[in-house]
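Student: I am new to this structure and would like a close look at one part of it. Please choose a part, say how far the model can be trusted, and then go through that part step by step.

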Amino acid sequence: MTRRFSLLVVVAAIALLASACTRTINTSGSGSFNAQPKDLYGAMPSLSDVSALLGDDNWRPGPPSFGVRPLDVASMPLTEKFAVTQPFVHLGSAETFIVDYEVWSDSGAAKSHMSSVQTALGTAAITSPKVGDQVIYYGSQGSGAAPYQTVTLVRAGEVVAVIGWDLKDAFPKVAQLTKIANKVIVRLNSVMAGKVRTSPPAASDTAVLPPDSLDLTLLGSARIPVEAAVVMIGATSIDTLAQVLRSHGVSDVTFGDYALNADTHMEVRATVLTFTTAKEATDWLAPFVSSMATGQEGYYDDAHGWYVFPFVSGARAAMIICQSTVSTEAASRACESPLTRVTAAWKVNLT
C-alpha cells in the first residue's frame with residue numbers, strides 16, 4: 001500500500017516485519033466483511049472531523065490512495081485484501097495526519113498482524129485505553145520539522161485502522177489519541193455494519209478518466225476537493241490556488257488512482273478539472289505544459305521525483321502523475337512509454 005505522507009519511518013519498518021510474519025495463504029475461508037474500497041473511502045474522517053479533533057482549521061486533505069492489487073503486490077501480505085489511505089496536511093507547518101484502513105482476509109489474520117506489530121515494538125507499545133477489539137499506541141521522536149511522530153493501530157474485526165499524526169511541538173496525550181481513534185472507529189463500524197455504503201462513481205465521471213488500456217489497472221476513483229488536487233501536484237500555496245480554481249468554476253475534481261502495469265511499484269494518479277472556458281483551462285496548465293520538450297507528451301519533474309503528463313481538451317485540464325509508492329524514491333523510467341500511450345489515447349477520448 002502507499003504511504004504518501006509521513007506515517008512514521010519506524011512504522012514502515014514494522015509493517016515490513018509484520019508482513020514477513022503474516023505472508024501465508026489464508027486457508028480458513030474469506031472474512032465476513034464485504035465492503036469495497038470505495039466504502040472504506042467513504043468511512044474516512046471528514047475535514048471538519050479532523051479540524052475538530054486536532055484543534056484548528058488549518059488542515060487540508062490530500063488525494064486518497066487505493067491500496068488494491070496489483071499496486072505494490074510484491075510487498076503486500078497475502079492475507080491483506082486491500083487498504084485505503086487518506087492523508088491531511090497542515091498549513092503553516094510540516095505536520096501531517098493520515099488514516100489508513102487495512103482490510104485483512106479475516107479477523108484472525110488482522111489479529112496476527114497486530115500481534116506481530118506489538119511484538120516488534122515491545123514495551124514501547126501502549127495497549128490501553130482500549131478502542132475497538134485491540135489497540136496499540138506508539139510514539140517516536142524523529143528529525144525534521146514535525147519530529148513528534150505518533151501512530152495508533154486499532155483493530156475492528158478484520159479491519160485495522162492505522163492513524164498517524166506527526167507534530168512539531170510535542171507528543172499529544174494518550175487521551176487525545178484515544179479520542180481520535182474512537183471517532184475513526186465509529187465511522188468504520190457504520191460501514192462494517194452495512195449501515196453506510198458509498199455510491200459508485202457517476203458514469204459521467206468515469207467517462208472522462210483515462211480509457212481502459214493494457215498499461216494501467218484502475219484501483220479506485222472519486223470526486224475530490226480542489227485542495228486535494230492542489231496537494232497532489234506538490235504545490236505549497238494550497239488555499240491560494242484552491243481559491244483561484246473556485247473563482248474559475250472548479251468546485252471539485254474527478255480523480256482516478258491506478259497501478260502502472262509495467263512496474264506495479266509505481267502509482268499513477270489522474271485528474272480532470274473542468275473550467276468554465278478553454279482559456280482558463282489553458283492558463284491553469286501553462287506552467288506544466290511549458291516544462292515539456294516540443295513533441296513530448298510529458299516530462300520528469302526533478303523537484304518532486306515524478307513524471308507529469310498534462311494537456312488541455314476544451315475547458316478541461318487533464319493531468320497524470322506517475323510516482324513511486326514510497327515517497328523517498330524517485331519514479332522509475334517505466335512510467336515513460338506507457339503513459340505516453342495512455343495520454344495520447346486519453347486526449348482522443350476527451351475530444
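Tutor: pLDDT is the predictor's confidence in each residue, on a scale from 0 to 100. The model is predicted, with local features needing pLDDT of at least 70 and side-chain atom pairs counted only at pLDDT 80 or more, while totals for chains, interfaces and linings use all residues. Residues are numbered from 1 along each chain as its sequence is written, and side-chain values use heavy atoms, with hydrogens and water left out.

The chain has a mean pLDDT of 90, and 91% of its residues reach 70 or more. Helices (H or I, at least four residues) and strands (E, at least two) are DSSP runs, numbered from the N terminus. Among these elements, strand S10 (residues 266-274) has the highest mean pLDDT, 98, and helix H1 (residues 9-22) the lowest, 51. The pLDDT is below 50 over residues 1-9, a stretch that has 38 contacts in the model beyond near neighbours in sequence; a contact means heavy atoms within 4.5 Å. It is also below 50 over residues 22-30, where the corresponding number of contacts is 22.

The part chosen here is helix H5, which covers residues 174-192. The expected span of a helix is 1.5 Å times one less than its number of residues. For the 19 residues of H5 that gives 27 Å, and the end C-alpha atoms lie 26 Å apart, which agrees.

Next comes the side that faces inward. Buried means under 20% relative accessible area and exposed over 50%, with partly exposed in between (1.4 Å probe, protein chains only). In H5, the buried residues are Leu-177, Thr-178, Ile-180, Ala-181, Val-184, Ile-185, Leu-188 and Val-191. They line one face of the helix, because they fall within an arc of 160 degrees when seen down the axis of H5. The arc is that of the directions from the helix axis to the C-beta atoms. An α-helix has 3.6 residues a turn, so residues three or four places apart point the same way.

What lies over this face? The cover of the buried residues of H5 includes two helices, H2 (37-42) and H3 (47-54). It also includes strands S4 (96-104), S5 (134-141), S6 (148-156) and S7 (159-167).

On the face turned away from the buried side, H5 carries the exposed residues Ala-175, Lys-179 and Val-186. After the helix comes Gly-194, which has a positive phi near 80 degrees.
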